[in-house]
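Here are some notes for a colleague who is opening this structure for the first time. Please keep the sequence and the 3D view at hand while reading the points below.

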Amino acid sequence: MESEGTESPSRSPAPVAEVFNSIRERTIAENSMVVLLQGLQGEVTTVDLRNESTARGRVVNVDAFMNVRLEDVLYRDGRGKLTKLQDLFITGRNVRYVHIPDHVDILKTMHSQLAKIHRVRNFASHGGGRKEYAKKTK
Amino acid sequence: MVLLKNLRPPTEGVRHEQAETSVVLDGQKLGCGTLYVAETRLSWFDGSGMGFSLEYPTIGLHAISRDVSAYPQEHLYVMVNGKLAGENGAAMPEGAADEEDNSSNSGGDDDDDDDDLGAITEIRFVPSDKVALEPMFSAMCECQALHPDPEDDDSDNDFEGEEYDVEEAEHGHADIPTFYTCDEGLSTLTQEGQATLERLEGMLAHSVAQQYHMAGVRTEEANPEFEDGMEVDAAAMEAGQFEDADVEHW
């Protein structure tokens, strides 16, 4: 059951949340460039933080609030000290830049992410509105 | 320095609790206690009533560190924006460093801060059970996601109004397992369900031209495998039967 304004934890056991968890997140993502970042799942990229540190790793997930989850990360703090981290979660507010890998087609990525959002949204409205298909239940 | 007295561990919304967890705060060992990852805040208590808590909006990042060359024990690393105040244990706001202009607000002293710009606090939670690091990390991710940056939302609650709850539309038939909302539905589709979905979506996309087909007439490609009870009664087979139906067509 989806409800406005609350984020429910991902129901699937997999840590990667490909589909959004709430209507609110879908709407926010659809109306901002964060859809581009969400299309970077699986890519290795560098995130520059606002405190001058950087993190380079594989994108596990980016949510509508630009919280970025990376794995197998090389983290460089403001002084240049390097640390390896297995899993890293960066709060959206702390992100300054996310580097888009050169091989990523930006427009195509954004279109395919938006298509995913629309597919999820339309599944609900068609399933509910089409009462003539609701005659039989399993 | 940072320890408080008379604080109680949270009782509600605790997503993860980890006992036998030591804390190192900015390089200083605080001892062993229990970490509570709750929906409202992150806190740690040493068992004798002393501890501290962190508000999620102040947490910049958290990570699992398994690199023993960087730090000798596997641990959960948490970076807090600002310094923890002595009075109430809450992290102090960063002040000017929050803004785009990142000129240092703490004097840029290498002596005081780990970073040149913006004071931060580094906390390491070292559980005795290293296997617990992943659930600790995941619980923090979930709780962090519950606290989005309030300043950042410009499209909050800006719904287009096209989405609605399928179960509500069915008026209380929430228990019928046949119908799912959105994400649940997509993830439980079988291969044949997915094919049905694609067929229906294709049909609906060409609604005007193919109303004839929507009345239940099988096309040449129809496959008996895909009969899943979704077809309309044969008796209703009439071209244009649904022309006056109260449904949306694009």
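1. A convenient place to begin is B:D26, which is partly exposed, since its relative accessible area is 34%. Please bear in mind throughout that the model is a predicted one. B:D26 forms a salt bridge with B:K83, and the closest N and O atoms of the two are 3.1 Å apart. The pair links distant parts of the chain, with B:D26 in the loop between β1 and β2 of chain B and B:K83 in the loop between β6 and β7 of chain B, 57 residues apart. B:K83, for its part, has a relative accessibility of 24% and therefore counts as partly exposed.

2. A salt bridge in chain A deserves a look as well, namely that between A:D72 and A:R58, where the closest N and O atoms are 3.6 Å apart. A:D72 lies in strand β3 of chain A and A:R58 in strand β2 (residues 54-62) of chain A, so this salt bridge ties together parts that are 14 residues apart in sequence. A:D72 is exposed, with a relative accessible area of 53%, whereas A:R58 is partly exposed at 32% relative accessibility. Through salt bridges that share partners, A:R58, A:E71 and A:D72 are joined into one network. Over all chains, a search of the whole structure finds ten salt bridges.

3. Helix α1 of chain B takes part in a further salt bridge, in which the side chains of B:E142 and B:R15 meet at 2.6 Å, N to O. Because B:E142 lies in helix α1 of chain B and B:R15 in strand β1 of chain B, the pair ties together parts that are 127 residues apart in sequence. Both ends are partly exposed, B:E142 with a relative accessible area of 35% and B:R15 with one of 29%.

4. Where does that helix lie? Helix α1 (residues 133-145) of chain B lies across strands of both chains, including β3 (68-76) and β4 (82-90) of chain A and β1 (14-25) and β7 (120-127) of chain B, and it runs at about 160° to β5(B).

5. The same helix of chain B holds B:Q144, and the reader may ask whether B:Q144 is buried or exposed. With 0% relative accessibility, B:Q144 counts as buried, because the cut-off for that class is under 20%. Its side chain makes a polar contact of 3.3 Å with the side chain of A:T91. Leaving aside residues up to four places away in sequence, B:Q144 touches A:N67, A:F89 and A:T91 in chain A, and B:Y56, B:I59 and B:H62 in chain B.

6. The sheet itself should be traced with care, as its twelve strands form an open, antiparallel arrangement in the order β5(A)-β1(A)-β2(A)-β3(A)-β4(A)-β5(B)-β6(B)-β7(B)-β1(B)-β2(B)-β3(B)-β4(B). Its edge strands, each pairing on one side only, are β5 (95-98) of chain A and β4 (51-55) of chain B. From one strand to the next, the twist averages 35°. Within chain B, four bridges join the antiparallel strands β2 (residues 28-38) and β3 (residues 41-45), and B:L35 has B:W44 in β3(B) as its bridge partner.

7. Chain A, finally, contains three helices and five strands, which follow the pattern α-α-β-β-β-β-β-α along the sequence. Of its 138 residues, 51% are buried, and its accessible surface comes to about 6500 Å², with 54% belonging to carbon and sulfur atoms.

Key. Residues numbered from 1 in each chain as written. Chains lettered and ligands numbered in written order. Predicted model: local features only at pLDDT ≥ 70, side-chain atom pairs only at ≥ 80, totals over all residues. Heavy atoms only, no water. Pairing = 2+ DSSP bridges. Helix = DSSP H or I, 4+ residues; strand = E, 2+ residues; numbered from the N terminus. Axes fitted to C-alpha atoms, helices over the stretch in contact; angles between N-to-C directions. Contact = heavy atoms within 4.5 Å. Buried < 20%, exposed > 50% of the residue type's maximum accessible area, 1.4 Å probe, protein only. Areas by Shrake-Rupley, 256 points an atom, 1.4 Å probe, with all protein chains shown as cover. Polar contact = N/O pair within 3.5 Å; in protein donor to acceptor, adjacent residues only side chain to side chain. Salt bridge = Lys/Arg side-chain N within 4 Å of Asp/Glu carboxyl O.
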